[in-house]
Amino acid sequence: MIDEFIYCFKEEAGELLLQLEDDLITLENNPGNKEIINNIFRVMHTLKGSAGMVGFKNIQDLTHEFEEIYEKIREGILTVNNDIINITLKGKDLLLNMLNGEKDEKAADILTALISNINKSREKISQLQSLENSLKTNSSGHFYVLLFTPDKTVFERGLNPDRVIDDLNSKGETYIILHEKRTSWEKQKAEKICNTVWEIYLRTPAKISDLEEVFTFYDEDEFQLFEILPEQSLIDSLLAENLNKLYKKKVEPEQHLIECIKQLPDKEAVPEIRPEMTNANNS
């Protein structure tokens, strides 16, 4: 009886995978075809359920991954593109091999990694939508992220980074995170050695050229300015790279940006937070 169930499952699965190939070719030519997207979702859903009933766990697990992707497409969270179609075609081939009893764990691992990348892109889309909503909620003025990294010898040049911070505070609402290395900023000032990085979020009517004037006496490698626009589709790659370095990849740059923008006060105030001091050598 069990053999009969398995035989029926393989027959049905083979037909569904042939249908899947035809649907993917159609979808490639018409990525917005909702009927075809629903068909592919149903194929994955049916295969997942049937495979689970007859003990084909590898097929059950893989079709579950694809089912989630096409569910997100149906919900409008993901958009059909060539990567998704190509990965689904690879999945179809791998499912056929599994159906015939062939084991290719390396191919399965590679495909799982590709699917994981799609899921990560889905999460980033969701994060960027949250970022856009945060910016629209706080829509008065421009939004900037500033990374201020004065040289260790800044005091020898007759400069005081606190004056830069005061100038920025006077231009709008700020949320500031101090990254102090080795010792506190107050002690660094007393010893005339700067080992602090300022991570500054600013809402202001000022233009970026106005902010650049604040750093007139500083070298170009001592500060970075990024304007955050509601309509931008991706976080600036250089900003993301710098945040990763600053936090040693312990934060997701997009989500971190969203949380910091939410901390901007409604009226003039200067909240500061200080992460634990590090032993990093660079300033």
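1. Lys-245 is a good place to start: in this predicted model the residue is exposed, with a relative accessible area of 58%. Lys-245 forms a salt bridge with Glu-241, and the closest N and O atoms are 3.5 Å apart. Glu-241 counts as partly exposed, at 41% relative accessibility. The two residues lie four apart in helix H9, so about one helical turn separates them.

2. Now to the other residues of H9. Leu-239, Ala-240, Asn-242 and Leu-243 are buried in this helix, which spans residues 237-246. These four cover an arc of only 165° around the axis, so they sit on the same side of H9. The face turned away from that buried side carries the exposed residues Ser-237 and Lys-245.

3. What do the buried residues of H9 pack against? Their partners are strands S1 (142-148), S3 (196-204) and S4 (223-228), together with helix H10 (253-262). After H9 comes Lys-248, with a positive phi near 55°.

4. The structure holds 12 salt bridges. One of them joins the side chains of Lys-92 and Glu-21 at 3.4 Å, N to O. This pair links distant parts of the chain, with Lys-92 in helix H4 (residues 82-99) and Glu-21 in helix H1 (residues 2-29), 71 residues apart. Lys-92 is buried at 6% relative accessible area, whereas Glu-21 is partly exposed at 30%. Both belong to a network of salt bridges that also includes Asp-93.

5. Please look at helix H7 (residues 185-191) too, where Glu-186 and Lys-189 are three residues apart and therefore separated by about one helical turn. They form a salt bridge whose closest N and O atoms are 3.3 Å apart.

Technical notes
Residues are numbered from 1 along each chain as its sequence is written. This is a predicted model: local features need pLDDT of at least 70, side-chain atom pairs count only at pLDDT 80 or more; totals for chains, interfaces and linings use all residues. Side-chain values use heavy atoms; hydrogens and water are left out. Buried means under 20% relative accessible area, exposed over 50%, partly exposed in between (1.4 Å probe, protein chains only). The arc is that of the directions from the helix axis to the C-beta atoms. Contact means heavy atoms within 4.5 Å. A salt bridge is a side-chain nitrogen of Lys or Arg within 4 Å of a carboxyl oxygen of Asp or Glu.
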